[in-house]
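Biologist: I am new to this one, so could we look at it together? I would like to hear the reasoning behind the labels.

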Amino acid sequence: MLAFWETTQSNKTTEVDMVSRDFKDIRVSEFVQLASFEPEGLLSGVRLQCTPGEQRRSSFFVPARNTNIMFCEDDCDRRPIPGARGPKTSLECANYIDTFIRECVEAMGCIDNVQFCGVGGHAKRYKNTGRKNKSPSRHSTGDALDLFGVKCTRRGPGGVGRQNFNLELSSKGRARNTKEYDAFLACWRDKMEKSRPRARGHKGAIACQGAEKPNNALHNDHIHLSCPTPRRRTGGT
């Protein structure tokens, strides 16, 4: 994993910024600053790339044999929303994703053309627990993604040929593809559990009811995937 960074408080390109551009399995379309609750304030972040070159020229979800892993804010429909972009994350979280996401999508059987859809990233808001809560969400620091679905290419039956695969990351999707859903979830949680530094109380993800805990009904339509970046105010998952 690349080294962690100090927060950049200006728009000037630094040597640290130049190093952080060298992602292996993901790409970014721009470097940004993320407004969070105090005392975190402004944090250095990126917008994850949605498709190569951010172009959506056809009805196909991704170009053939795309080896980068993409993240899109669109609604997971067969035809992408024109102008759909990638979500924003913190630089630290982008590095966790770049380091571990390849192995976790491979746990689902994906080999290439991997694209997460319906993805929500940075948002200055509090934790969603179903009741009034004033604890900042990890979304507020750009350390979480809400994933509604994933599309990819995987090997066909018996390892012969190739087939398109579409997994809705919901309770209904898990019922249809329990093995793949649970494999992805277990992989990410295992990687986050072993990561250092790690925020106190961090569990890696919140899933739908029936999946390995933590889970709840508020996450029956998506997986809340988070990074264990230590913050002064934001803790847990």
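Modeller: Happily; we start with the overall picture and then turn to a few side chains.

Modeller: Please keep in mind that this is a predicted model. The protein has four helices and ten strands, and 51% of its 237 residues are buried. Of the contacts between residues at least 6 apart in sequence, 64% join residues at least 24 apart.

Biologist: How many aromatic pairs does a search of the whole structure find?

Modeller: The search finds three. One of them is formed by Phe71 and Phe116.

Biologist: What makes the pair of Phe71 and Phe116 stacked, rather than tilted?

Modeller: The ring centres are 5.1 Å apart, and rings count as a pair if their centres lie within 6.5 Å. The planes meet at 10°, while stacked requires an angle under 30 degrees. Therefore the pair is stacked. Phe71 belongs to strand β3 and Phe116 to strand β5, 45 residues apart, so this pair links distant parts of the chain.

Biologist: How do you know whether Phe71 and Phe116 are buried or exposed?

Modeller: Buried means a relative accessible area under 20%. Phe71 has 1% and Phe116 has 0%, so both count as buried.

Biologist: Why is the pair of Phe116 and Phe184 called tilted?

Modeller: Here the centres lie 5.7 Å apart, with the planes at 40°. Stacked needs under 30 degrees and edge-to-face needs over 60. The angle of 40° meets neither condition, so the pair is tilted.

Biologist: And what does the pair of Phe116 and Phe184 tie together?

Modeller: Phe116 is in strand β5 and Phe184 in helix α4 (residues 178-193), so the pair ties together parts 68 residues apart in sequence. Phe184 is buried, as is Phe116. Through ring pairs, Phe71, Phe116 and Phe184 form a cluster.

Biologist: Let us move on to a charged residue. Why is Arg154 called buried?

Modeller: Its relative accessible area is 17%, and the cut-off for buried is under 20%. Arg154 is therefore buried. This residue is located in strand β7 (residues 149-155).

Biologist: Over which ring does the charged end of Arg154 sit?

Modeller: The ring is that of Phe165, with the charged end 3.8 Å from its centre.

Biologist: What makes the link between Arg154 and Glu180 a polar contact?

Modeller: Their side chains are joined at 3.0 Å, and the limit for a polar contact is within 3.5 Å. Beyond its neighbours within four places in sequence, Arg154 is in contact with residues including Met108, Cys110, Gln163 and Glu180.

Conventions:
Residues numbered from 1 in each chain as written. Predicted model: local features only at pLDDT ≥ 70, side-chain atom pairs only at ≥ 80, totals over all residues. Heavy atoms only, no water. Phe/Tyr/Trp six-rings, centres within 6.5 Å; stacked < 30°, edge-to-face > 60°. Helix = DSSP H or I, 4+ residues; strand = E, 2+ residues; numbered from the N terminus. Buried < 20%, exposed > 50% of the residue type's maximum accessible area, 1.4 Å probe, protein only. Lys NZ or Arg CZ within 6 Å of the ring centre and 35° of its normal. Polar contact = N/O pair within 3.5 Å; in protein donor to acceptor, adjacent residues only side chain to side chain. Contact = heavy atoms within 4.5 Å.
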